[in-house]
Amino acid sequence: KELQRLLEKRASEREIERFLSSNKEVLSLALFLFSTGHHATWIYPKQQIRPSTKGAIGLIPDYVMAGANSDGVSWWVLELKGPDKQAFKVRGGHVSLTADANDGICQLLDYIDISSRSQAYLREELKLAGYREPRGVLLIGTEEESENERIRDFKGAWNRMNPRVQIRSYTALLREVESKLESRRRA
C-alpha cells in the first residue's frame, strides 16, 4: 500500500529510495520481472564498484543485485529515477528518451562496462562472490506514459533490442508485488 501511495503521489527519487532501502523485500521482486530471483536474491545498496582516482570519478550504482534460479545466478545493476520522471517523450512525431532516462541509461552503461573490466576486483576486494557480466535495469516513472501507443511500442522495442539494459516502470514493480501478495493469500 505504501508503494502504491508513493506512485500515486508521484514521489521523488529520494522518497522512493528511502522506501526501498527500508523494504528490501519489495526491491527483491524487481528481479522477478526478469525471471530470476526465484531461489534467492542478494541486494547490495550503494556498492562502490570503482573508487575515485586522479583520472576517474568513483562509480556507485544505487543497487547491485543478484538473483538465483534454476539456471544459476544472474547479476544486475539497478539505477533508480523517481516515479515522478518519464522515460520517453514524443516530439515532432518521434519517440525518444527523456534527459532523465538518457542519464540513467548512460550511468548503467558505465556501471556495466567497469563491472565487466573489473570483475576480479569486485569479486576479491568487495566480496561479491561469483560477480560477472551484470545486466542493467533503469527503474523510472509509471505506466501512465505508456497509454500513448507510440511510447508503448517504442518501450517494447527498446527492451526487446536491448536485453542487457532494460527500462522498467514502478508500476511493473507494483504489479509484481501485488501478484506475490495475492499468491500468498491464496496459499
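How far apart are the end C-alpha atoms of helix α6 (residues 149-161), and what should its 13 residues span at 1.5 Å a residue?

**Entry 1: helix α6.** I began with this helix, bearing in mind that the model is predicted. The expected span of α6 is 18 Å, and I found its end C-alpha atoms 18 Å apart, so the two values agree. The expectation takes 1.5 Å times one less than the number of residues.

**Entry 2: the start of α6.** I then looked up the residues where the helix begins. A side-chain oxygen of N148 comes to within 2.8 Å of the backbone nitrogen of R150.

**Entry 3: the buried residues of α6.** I noted I151, K155, A157, W158 and N159 as buried in this helix. The elements against which the buried residues of α6 pack are β4 (88-91), β5 (94-97), α4 (99-117) and β7 (165-168).

**Entry 4: strand β3.** I turned next to β3 (residues 72-80) and asked why it is largely enclosed by the rest of the structure. Seven of its nine residues are buried, which accounts for the enclosure. Buried here means under 20% relative accessible area.

**Entry 5: the partners of β3.** Which strands pair with β3, and in which sense? I recorded strand β2 (residues 63-69) as antiparallel to β3, joined to it by seven bridges. The hairpin between β2 and β3 passes through two residues. For Y63, I found L78 to be the bridge partner in β3. Strand β6 (residues 135-139) pairs with β3 in the parallel sense, over five bridges. There I saw E79 standing opposite L138 of β6.

Technical notes
Residues are numbered from 1 along each chain as its sequence is written. This is a predicted model: local features need pLDDT of at least 70, side-chain atom pairs count only at pLDDT 80 or more; totals for chains, interfaces and linings use all residues. Side-chain values use heavy atoms; hydrogens and water are left out. Buried means under 20% relative accessible area, exposed over 50%, partly exposed in between (1.4 Å probe, protein chains only). Helices (H or I, at least four residues) and strands (E, at least two) are DSSP runs, numbered from the N terminus. Two strands pair if DSSP finds at least two bridges between them. Contact means heavy atoms within 4.5 Å. A polar contact is a pair of N or O atoms within 3.5 Å; within protein, one must be able to donate a hydrogen and the other to accept it, and residues adjacent in sequence count only if both atoms are side-chain atoms.
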